[in-house]
Amino acid sequence: MEIAVLGSEEFTLGFRLAGIRRVFVANPENYQEKMLEAISQPTIGILAVDAKDLDNLPNNLRHRVMDSIQPVVVAVGGSDDDLREKVKRAIGVDLYKNEDD
């Protein structure tokens, strides 16, 4: 299984420098098309996307993408609350919770 990245030239640059070879460069106009192309690739196991770019998708496709198991779509960026929810969803435990909550 491969790791891939989908996003703007600026977003994908760091991943390219880290050695990620499967890159889908997209802009707001073709983001939906590129997302469908990327999630249909059977060799991609993990797809990294910019969290703010997910706003370019219709709600039904956004939910389909975020619930996808093959590939697992990882939204990079966002707020600390977003990170808290991602960790909680991934492992089933709220690591940020303290005894006062």
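This passage describes the fold, the core, the surface and the salt bridges of a predicted model.

The secondary structure of the chain consists of four helices and four strands. Read from the N terminus, these elements follow the order β-α-β-α-β-α-β-α. Of the 101 residues in the chain, 31% are buried. Contacts that span long stretches of sequence also occur: among contacts between residues at least 6 apart in sequence, 50% join residues at least 24 apart. The chain exposes about 6700 Å², and carbon and sulfur atoms supply 52% of that area.

The interior was examined next. The largest nonpolar core has 19 residues. Those with the most contacts inside this core are Leu 6, Tyr 31, Met 35, Leu 47, Val 49, Leu 54 and Val 65. Two or more residues are given to the core by each of the elements β1, α2, β3, α3 and β4. Helix α2 provides the largest share, four residues.

Helix α2 covers residues 31-39. The buried residues in this helix are Tyr 31, Met 35, Ala 38 and Ile 39. When α2 is viewed down its axis, these buried residues fall within an arc of 90 degrees, so they line one face of the helix. The spacing of residues along a helix bears on this arrangement. An α-helix has 3.6 residues a turn, so residues three or four places apart point the same way. The buried residues of α2 pack against three helix or strand neighbours from the middle and end of the listed set, namely β3 (44-50), α3 (59-66) and β4 (72-76), and also against β1 (2-7) and β2 (22-25).Two of these residues, Tyr 31 and Met 35, are in contact with Val 49. Leaving aside neighbours within four places in sequence, the other contacts of Val 49 are with Leu 6, Phe 11, Leu 54, Val 73, Val 74, Ala 75 and Val 76.

A buried position is also found in helix α1, which covers residues 9-17 and includes Thr 12. Thr 12 has a relative accessibility of 0% and therefore counts as buried. With neighbours within four places in sequence left aside, Thr 12 is in contact with Val 5, Leu 6 and Gly 7, as well as with Val 23, Phe 24 and Val 25. Leu 6 thus appears among the contacts of Thr 12 and among those of Val 49.

Nonpolar residues are also found at the surface. A nonpolar surface patch of about 350 Å² is made by Ile 3, Ile 46, Val 72, Val 74 and Val 76. Strand β4 gives the most to this patch, with three residues. Ile 46 belongs to strand β3. The relative accessible area of Ile 46 is 38%, and this residue is partly exposed. Val 74 and Val 76, which help to make the patch, are also in contact with Val 49.

The structure holds three salt bridges. In one of them, the side chains of Glu 2 and Arg 22 meet at 2.9 Å, N to O. Glu 2 lies in strand β1 and Arg 22 in strand β2, so this pair ties together parts that are 20 residues apart in sequence. Both partners are accessible in part: Glu 2 is partly exposed, with a relative accessible area of 32%, and Arg 22 counts as partly exposed at 21% relative accessibility. Residues under 20% would count as buried.

Another salt bridge joins the side chains of Glu 37 and Lys 34, at 3.9 Å, N to O. Glu 37 and Lys 34 are three residues apart in helix α2 and are therefore separated by about one helical turn. Glu 37 is partly exposed, with a relative accessibility of 33%.

A further salt bridge is formed by the side chains of Lys 52 and Asp 50, with an N to O distance of 3.6 Å. Here one partner is exposed and the other buried: Lys 52 counts as exposed at 59% relative accessibility, whereas Asp 50 counts as buried at 12%.

The backbone has one feature to report before strand β4. A cis peptide bond joins Gln 70 and Pro 71, with omega at about 0 degrees. Pro 71 lies in the loop between α3 and β4. For comparison, most peptide bonds are trans.

Conventions
Residues numbered from 1 in each chain as written. Predicted model: local features only at pLDDT ≥ 70, side-chain atom pairs only at ≥ 80, totals over all residues. Heavy atoms only, no water. Buried < 20%, exposed > 50% of the residue type's maximum accessible area, 1.4 Å probe, protein only. Arc of directions from axis to C-beta. Contact = heavy atoms within 4.5 Å. Patch = residues over 30% accessible without salt bridge, like charges linked within 9 Å, V, L, I, M, F, W, Y side chains within 5 Å. Areas by Shrake-Rupley, 256 points an atom, 1.4 Å probe, with all protein chains shown as cover. Salt bridge = Lys/Arg side-chain N within 4 Å of Asp/Glu carboxyl O. Core = buried A, V, L, I, M, F, W, Y, C linked by side-chain atoms within 4.5 Å.
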